[in-house]
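Q: Could you take a close look at one helix for me, covering its aromatic rings and how it packs? I'd like the cut-offs spelled out as you go.

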Amino acid sequence: MSSIITVKQSHPYYPSRLLDLPDAPQEIYCLGNLEALKIPGLGIVGSRQASNEGLKTASYFANAVVDHGLLVVSGLAEGIDSAAHLGALQARPLLSTIAVCGTSLDRCYPSKNQSLFQTIARQGLLISEYPSGSVTKPYFFRQRNRLIAALSLGILVVEAAIRSGSLTTAKYANDLGREVFAIPNSIHQPQSLGCHQLIKEGAKLVVRPGDIFEELRFFEK
């Protein structure tokens, strides 16, 4: 596996989109191929306790996003995040996904994603704003969400409960002027209520990948 690279704001690969954040990190730590930072991306996030349908939906949309020439940005969490990363890798093995981690890159969280972590390090890119040896704090994961939003052209929320970190990511995206997309589902599923709330608040309702690309016309083929 390659070594962790420190990318300061003065570095040519430092993502300019991060500078939209009022608290943009002075440096980020990267493991993998920095060329991924030059490819426009869509954030795909959602519940850790995802339904089987939600996992399939995340993988399907990730596949379509990569086929459209973008890459997938997500947070390496269980559930929707993992399905999105895997769907992206299936569509294009190299430079298809960026994982923004809530820990330093000398460890993988959750530990069950160790294989996915290693695959992304070889074929895509892992990012953290925390140096090796950092003691992980609960708020790191909320901080991670703002990086996902800033790096992305927009955020697609596949499944989310009302009290979900995915809604935090969507709020960061909205505050940054990024597009927010949400997929509706059964009103009887707790994992759908957050998406329905986002739609009520103005997120674009999405039922097919083309609904996203209509809003991101600049990148249409």
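A: Happy to; here is a tour of helix H4, starting with rings and ending with its packing partner. This is a predicted model, in which local features need pLDDT of at least 70 and side-chain atom pairs count only at pLDDT 80 or more, while totals for chains, interfaces and linings use all residues. Residues are numbered from 1 along each chain as its sequence is written, and side-chain values use heavy atoms, with hydrogens and water left out.

Rings of Phe, Tyr and Trp (its six-membered ring) pair if their centres lie within 6.5 Å, and planes under 30 degrees apart are stacked, over 60 edge-to-face and the rest tilted. By that rule there are four aromatic pairs. One of them joins Tyr109 and Phe141, with 5.4 Å between centres and 55 degrees between planes, a tilted arrangement. The two residues are 32 apart in the chain: Phe141 belongs to H4 (residues 139-151), whereas Tyr109 lies in the loop between strand S5 (97-100) and helix H3 (114-123). These elements are DSSP runs numbered from the N terminus: helices are H or I with at least four residues, strands E with at least two.

How exposed are the partners? Taking buried as under 20% relative accessible area, exposed as over 50% and partly exposed as in between (1.4 Å probe, protein chains only), Tyr109 is partly exposed at 44%, while Phe141 is buried at 18%. Another pair brings Tyr139 and Phe140 together: their ring centres are 5.0 Å apart and their planes stand at 90 degrees, so this one is edge-to-face. Phe140 is buried too, with a relative accessible area of 6%. Ring pairs also bring in Tyr130, which forms a cluster with Tyr139 and Phe140.

Now the packing. Two packed helices are described by the angle between their axes and the distance between the axes. For H4 and H5 (residues 165-175), the angle is about 45 degrees and the axes are 8 Å apart. Axes are lines fitted to C-alpha atoms, for helices over the stretch in contact, and angles run from 0 to 180 degrees between N-to-C directions. H4 is therefore oblique to H5, since angles under 35 degrees are roughly parallel, over 145 roughly antiparallel, 65 to 115 roughly perpendicular and the rest oblique. On the H4 side, the contact (heavy atoms within 4.5 Å) is made by Arg142, Gln143, Asn145, Arg146, Ile148 and Ala149. H5 contributes Gly165, Thr168, Thr169, Tyr172 and Ala173.
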